[in-house]
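Student: Could we work through this structure together, one question at a time?
Tutor: Yes, with the sequence and the coordinates open beside us.

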Amino acid sequence: MIGDDRTMSVTAGGRRRWGLVLGGGGVLGGAWMVGALSALEQVHGRDVRDAEMIVGTSAGSVTAALLGAGVGVDDLRAHQLGGRPTHELLAAATWDYDSSAGGAHPPLPRWHLGSAALVTRNVGRWHRMPPTAVLAGLLPEGRGSLTAIGALIGGFVPAGWAPHPGIRVVAMDYDTGHRVVFGDPRSPAADLAAAVMASCAIPGWYAPVALDGHRYVDGGAWSATSADLLAGLGLDEVFVVAPMVSFALDRPASLLARAERRWRLQVTRRCLREVAKVHAGGTEVTVLGPGPEDLTAMGSNLMAAARRRDVVETSLRTSLAALVDPEPISGLPVGLQFDEAG
């Protein structure tokens, strides 16, 4: 069993063909993810860049894009901790964790519905949409800029898609409410940098990203993980590294942090429903998310970059412990367990 002071790793229980899901979670979620990926490489003896498919959402899309452009986890960790990466492009990148994503708080939004079209077009099917997708349309339109994130990714891939053909970047069409998976041949074509900007455009915080006449916002408005995209692909194994998924929580004092923890339970349940679809095809799935000690390091504001180094260092330790001794699905509270029938 995983103790309450450790990150939770859950195995749904192959190897050969494998995939990786990198979920959303803001600046601190991205920091936690780097520690978790470092632990994954150490425990499982593989380079995460070798995954056949890598699905990234929001903060996870930034990491997925960098991995797809050839940046290794060791360099991502060095960059997060203030060291000098060996990858020349990353070492030369103009990126300030404290300010490039716009800071810990959003600018005042525009005082009108972010997407009246999404709200009115889907009136009859709100009950079948993720609540966050409906909320995204009701929130005022954000004003924040993602130019720095686009420039970061554009420094590695100035045009076109990632060298790694299995990179997928999830966003949501802001006018239809549909999930869009950039990099999939069935989805609209986009440059990698633009797709990542779209995937990171948190509704109400950042301005929607316009591509070929469509507006896109954060893929987390549909799902924080979108792990179900790897269902039915015949993969032997999938790792889901999800900063917004937690199987055990801390006990924060602030009301804001307590509300965030309650929301995590909803995100976790949705992720496990997605995992059930992947597992139903015979794929072994491991889900890794922050545990109580990580959550204490993160606090209540996932955009508060000042906590970044503490979050990375905590994740390095807790993720390693969780992956060495994963908790089986059967050990979860009944309310969190998934039905393998999907």
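Tutor: Arg-261 is buried, with a relative accessible area of 4%, where buried means under 20% relative accessible area, exposed over 50%, and partly exposed in between (1.4 Å probe, protein chains only). This is a predicted model, in which local features need a pLDDT of at least 70 and side-chain atom pairs count only at pLDDT 80 or more, while totals for chains, interfaces and linings use all residues. Residues are numbered from 1 along each chain as its sequence is written, and side-chain values use heavy atoms, with hydrogens and water left out.

Student: Which residue forms a salt bridge with Arg-261?
Tutor: A salt bridge is a side-chain nitrogen of Lys or Arg within 4 Å of a carboxyl oxygen of Asp or Glu, and here the closest N and O atoms are 2.7 Å apart. The partner lies in the loop between β8 and α9 (255–279) and Arg-261 in helix α9, so the pair ties together parts that are 11 residues apart in sequence; helices (H or I, at least four residues) and strands (E, at least two) are DSSP runs, numbered from the N terminus. At 13% relative accessibility the partner counts as buried, and its name is Asp-250.

Student: Which residues are joined into one network by salt bridges that share partners?
Tutor: The side chains of Arg-215 and Glu-141 meet at 3.7 Å, N to O, a pair that links strand β7 with the loop between α6 (131–138) and α7 (147–154), 74 residues apart. Arg-215 also meets the side chain of Asp-175 in a salt bridge of 3.0 Å, N to O; Asp-175 lies in the loop between β4 (167–173) and β5 (179–182), so this pair ties together parts that are 40 residues apart in sequence. The network joins Arg-110, Glu-141, Asp-175 and Arg-215.

Student: Is Glu-141 buried or exposed?
Tutor: Its partner Arg-215 is partly exposed, with a relative accessible area of 23%. Glu-141 has a relative accessibility of 15%, and therefore counts as buried.

Student: How many salt bridges does a search of the whole structure find?
Tutor: The pairs discussed above include Asp-250 with Arg-261 and Asp-175 with Arg-215. For the whole structure, the search finds 14.

Student: How many of the 19 residues of α1 are buried?
Tutor: Helix α1 (residues 26–44) reaches 26 Å from its first C-alpha to its last, close to the 27 Å expected at 1.5 Å a residue, the expected span being 1.5 Å times one less than the number of residues. Just after α1, Gly-45 takes a positive phi of about 60°. The helix is largely enclosed by the rest of the structure, because the number of buried residues is 15.

Student: Which residues other than glycine have a positive phi?
Tutor: Most residues other than glycine have a negative phi, and most peptide bonds are trans. One residue with a positive phi, of about 50°, lies in the loop between β6 (209–211) and β7 (214–218) and is exposed, with a relative accessible area of 70%. Another, with a phi near 55°, is found in the loop between β7 and β8 (237–241) and counts as buried at 0% relative accessibility. Among such residues are Asp-212 and Ser-226.

Student: Which residues does Gln-80 touch, not counting residues up to four places away in sequence?
Tutor: Gln-80 is found in helix α3 (residues 73–80) and counts as buried at 6% relative accessibility. With contact meaning heavy atoms within 4.5 Å, Gln-80 touches Gly-30, Ala-31, Val-34, Tyr-97, Arg-308, Arg-309 and Val-312.

Student: What separates the C-alpha atoms of Asp-310 and Asn-122?
Tutor: Asp-310 lies in helix α11 (residues 308–324) and is partly exposed, with a relative accessible area of 42%. The two residues are 188 residues apart along the chain, and their C-alpha atoms are separated by 42 Å.

Student: What pLDDT does the protein chain average?
Tutor: The pLDDT is the predictor's confidence in each residue, from 0 to 100, and 92% of the residues score at least 70. Where pLDDT is low, the predicted coordinates should not be read in detail. The chain average is 92.
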